[in-house]
Amino acid sequence: MRIDVVTIFPEYLAPLRAALLGKAVDRGLISVGVHDLRDWTHDVHKAVDDSPYGGGPGMVMKPQVWGDALDTVCTDRTRLVVPTPAGRPFTQAVARELADEEHLVFACGRYEGIDQRVVDDASRRMRVDELSIGDYVLVGGEVAVLVVVEAVARLLPGVLGNPRSAAEDSFSDGLLEGPSYTRPEVWRELPVPDVLRSGNHRLIDRWRRDQALRRTWERRPELVDALPEDALDKHDRAL
Ligand SMILES: COc1ccc(Cn2ccc3ccc(-c4cc(N)[nH]n4)cc32)cc1
């Protein structure tokens, strides 16, 4: 997979070269390009923003600069991702969709966002996703890009040491992850649940599912409601 990021703060994307993602890049599983939006400006001040039509607080990012940048970085096979508070929710299902793409380009806005015509124009040539990573407002798109890239990259074959992790992690079956434990057996007078030390994997699997279902019920009841009709068996419903 090829990933390109356009931003006025390239240094914000340094984590893409560290740790797990850095290893994936070193092994050629992902190739990453980070581009400074100001490279497409032509004025001495390298202006990327201007006042909003209709008035209002803050500034809006100029369409011309973004248009030239995306003309250079994108092809018609690109899926363009534009983080925004007004986007559709970024979920594990969206991460799985993006993991199948050959070329992702991320447009990192700042100020009050990017002139809407940039997305409208790009949509004429390529698939464009305006995505929100949560119902809170960041200062720009860079942090959202790090979140999306990490969630997508971990789904790529060979990136995670243990492929079962991605297949079995939270949301893979629509439920939240249950509690995890490791040594010691008792820590600060808190024991590991006996069932996990029983060696009875049928009971362990059942206990883990019960814990996941209970936690999801308590913390994210809407996820339980969204499960397919046949997802819950008689035992589950009795919880
Ligand atoms: C119109 O109101 C505003 C619009 C944008 C901003 C700041 N900002 C500028 C670009 C940008 C890109 C993504 C995000 C973002 C994404 C999520 N889930 N939260 N925040 C925020 C962003 C402030 C206010």
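Me: A polar contact is a pair of N or O atoms within 3.5 Å. In this predicted model, what makes the approach of the ligand to glycine 134 a polar contact?

Reply: A nitrogen atom of the ligand is 3.1 Å from a polar backbone atom of glycine 134. The cut-off is 3.5 Å, and the pair therefore counts as a polar contact.

Me: Which distances place tyrosine 136 and leucine 138 in polar contact with the ligand?

Reply: For tyrosine 136, a polar backbone atom is 2.6 Å from a ligand nitrogen. For leucine 138, a backbone N or O atom lies 2.9 Å from a nitrogen atom of the ligand. Pairs of this kind within 3.5 Å qualify, so both are polar contacts. The ligand exposes 520 Å² when taken alone, and the protein buries 81% of that area.

Me: What surrounds the ligand, and which strand gives the most to the shell?

Reply: The ligand is surrounded by 17 residues, with Pro83, Ile133, Gly134, Tyr136 and Leu138 the closest. Strand 5 (residues 79-89) gives the most, namely 3 residues. By class, the shell holds 8 nonpolar, 7 polar and 2 charged residues.

Me: Why is valine 143 called partly exposed?

Reply: Its relative accessible area is 35%. Buried means under 20% and exposed means over 50%, so valine 143 falls in between. This residue is found in helix 5 (residues 142-153).

Me: Why can valine 143 belong to a nonpolar surface patch?

Reply: A patch residue needs over 30% relative accessible area, and valine 143 has 35%, so that requirement is met. Valine 143 forms the patch with Tyr12, Tyr136, Leu138 and Val147, and together they have about 410 Å² of accessible area.

Methods:
Residues are numbered from 1 along each chain as its sequence is written. This is a predicted model: local features need pLDDT of at least 70, side-chain atom pairs count only at pLDDT 80 or more; totals for chains, interfaces and linings use all residues. Side-chain values use heavy atoms; hydrogens and water are left out. Patches are made of residues with over 30% relative accessible area and no salt bridge: like charges are joined within 9 Å, nonpolar side chains (Val, Leu, Ile, Met, Phe, Trp, Tyr) within 5 Å. Accessible areas come from the Shrake-Rupley method with a 1.4 Å probe; for residues, only the protein chains shown count as cover. A salt bridge is a side-chain nitrogen of Lys or Arg within 4 Å of a carboxyl oxygen of Asp or Glu. Helices (H or I, at least four residues) and strands (E, at least two) are DSSP runs, numbered from the N terminus. Buried means under 20% relative accessible area, exposed over 50%, partly exposed in between (1.4 Å probe, protein chains only). A residue is near a molecule or strand if one of its heavy atoms lies within 4 Å of it. A polar contact is a pair of N or O atoms within 3.5 Å; within protein, one must be able to donate a hydrogen and the other to accept it, and residues adjacent in sequence count only if both atoms are side-chain atoms. Ala, Val, Leu, Ile, Met, Phe, Trp, Tyr, Cys and Pro count as nonpolar, Asp, Glu, Lys and Arg as charged, and the others, Gly among them, as polar.
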